[in-house]
Amino acid sequence: MATDTTIPSTISHATVVHTTRIRRTFAYLSSFLFLITLVFLILVEIGCVSANRPVIASIYFIKLDLTNIIPRSVPNFRLVNSIARTLGLHDFYQVGLWNYCAGYGDQVTECSKPQKMYWFNPVEILLSELLAGASIALPSQITDALALVRTASRWMFALFLTGACLTLPTAILAPLAIHTRWASFPLTILTFLTAFTTTVASVIATAMFLIFKSAVQSAAETVNIQAEMGIKMFVFMWFAAGAAILGSLIHFAQCCCCTSVRDVRTGRRKGRRKAYRLFGRAGDIGATGAEEKPRARRRWMGRSV
């Protein structure tokens, strides 16, 4: 005898919850991933904005060490390096998204005023800090890379800020995919934009500062400037990009996979069949909502017990 596989519209709430458990799990997981993205993007945004908070000051893209700016090949290089500090140069400069910070030894002593679309211009900074009449000539390898730094920094700034602004509404709206597949499509577009902007910004930052570091190191014979990449900053931004990509892939998969609440209500998909055995339909008899079946009597020595 054929079995009726249609599902009535009167399905208990507990049944709906359990039939859509897989979709709920992935929807909440994607929301959590975008919250992680937001946290790491905030750390990227506030990195290197204050000299009074050592933890924030330690988050930077690149650090330029000018302690021994004059190479050993120059006569009396130690004396000249000591004079460089008296002329107004700091021992190091480190670059953030909004500004730069400078200091002596291992201590950050001051940070520039944060500004939008910021780009790091070492020539302008060094000339502004030197005493009147003093000057320093940076090699062409460094000055030639500044055009790239200027353009790439502005794109990086805009993309990181856009990604941070998109992440919060994405994390809030992500659970809407539980109810219907129609919500998954616009959410997929939103999550894709969030992942795209964050990832592209991370790629631009990584490529730009690697090129700038290479340009600084290639000029070691002229000026002895040590360039160090900020590990914390790059870990934070790539964790943010990775979480955003994973969250976006989850929503893309939910466009065609996993049973939604609307699927169960309309009977298009059943979801987890076990839920119907455990909870049954709305109005069924029993404390759990499942229909109670008469218990078969056991027989002992030919008699019913």
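Helices (H or I, at least four residues) and strands (E, at least two) are taken here as DSSP runs, numbered from the N terminus, and Ala158, for instance, is found in helix α6 under this definition. The structure is a predicted model, in which local features need pLDDT of at least 70 and side-chain atom pairs count only at pLDDT 80 or more, while totals for chains, interfaces and linings use all residues. Residues are numbered from 1 along each chain as its sequence is written, and side-chain values use heavy atoms, with hydrogens and water left out.

The protein chain has 10 helices and 7 strands. Buried residues, those under 20% relative accessible area (exposed being over 50% and partly exposed in between, with a 1.4 Å probe and protein chains only), make up 45% of the 305 residues in the protein chain. Contact means heavy atoms within 4.5 Å, and of the contacts in the protein chain with a separation of 6 or more, 72% are accounted for by residues 24 or more positions apart. The predictor's confidence in each residue is given as pLDDT, from 0 to 100; the mean pLDDT of the protein chain is 76, and 64% of its residues reach 70 or more. The pLDDT stays under 50 over residues 1-9, for which the model has 7 contacts beyond four places in sequence. Over residues 275-279 the pLDDT is likewise below 50, and this stretch has 19 contacts in the model beyond near neighbours in sequence.

Strands are treated as paired if DSSP finds at least two bridges between them, and by this criterion 5 strands form an open sheet in the order β4-β3-β2-β1-β5, with antiparallel pairing. The edge strands are β4 (107-111) and β5 (226-229), each of which pairs on one side only. From one strand to the next, the twist averages 25 degrees, where axes are lines fitted to C-alpha atoms, for helices over the stretch in contact, and angles run from 0 to 180 degrees between N-to-C directions. Helix α5 (residues 122-129) packs on this sheet and touches β2, β3 and β4, its direction making about 140 degrees with that of β2. Within the sheet, strand β1 (residues 62-65) pairs with β2 in the antiparallel sense over 4 bridges, and Leu64 stands opposite Tyr93 in β2. The pairing of β3 with β4 is also antiparallel and runs over 4 bridges, with Tyr104 opposite Gln107 in β4. These two strands, β3 and β4, form a hairpin with 2 residues between them, and Gly105 in the turn has a positive phi of about 65 degrees.

Aromatic pairs were assigned to rings of Phe, Tyr and Trp (its six-membered ring) with centres within 6.5 Å, planes under 30 degrees apart counting as stacked, over 60 as edge-to-face and the rest as tilted; a search of the whole structure finds 9 such pairs. In one of them, the rings of Trp98 and Phe157 have their centres 4.7 Å apart and their planes at 80 degrees, so the pair is edge-to-face. Because Trp98 lies in the loop between β2 (92-95) and β3 (100-104) and Phe157 in helix α6 (residues 140-173), the pair ties together parts that are 59 residues apart in sequence. Trp98 counts as partly exposed, at 22% relative accessibility, whereas Phe157 is buried, with a relative accessible area of 3%. Ring pairs also link Tyr93, Tyr100, Phe120 and Phe212 into a cluster. In addition, Lys63 lies over the face of Phe92, at 4.4 Å from the ring centre, the requirement being that NZ of Lys or CZ of Arg is within 6 Å of the ring centre and within 35 degrees of the ring normal.

Helix α6 also contains Thr167, which counts as buried at 0% relative accessibility. Leaving aside neighbours within four places in sequence, Thr167 is in contact with Phe34, Thr37, Leu38, Leu41 and Thr194; Thr167 and Ser31, 136 residues apart in sequence, are 9.5 Å apart in space, C-alpha to C-alpha. Ala158 counts as partly exposed, at 25% relative accessibility, and its C-alpha is 7.2 Å from that of Met117, although the two are 41 residues apart in sequence.

Met117 lies in the loop between β4 and α5 and counts as partly exposed at 38% relative accessibility; its phi is near 55 degrees, a positive value in a residue other than glycine. Cys48, placed in the loop between α2 (21-46) and α3 (54-57), has a phi near 65 degrees, again a positive value in a residue other than glycine, and counts as buried at 0% relative accessibility.
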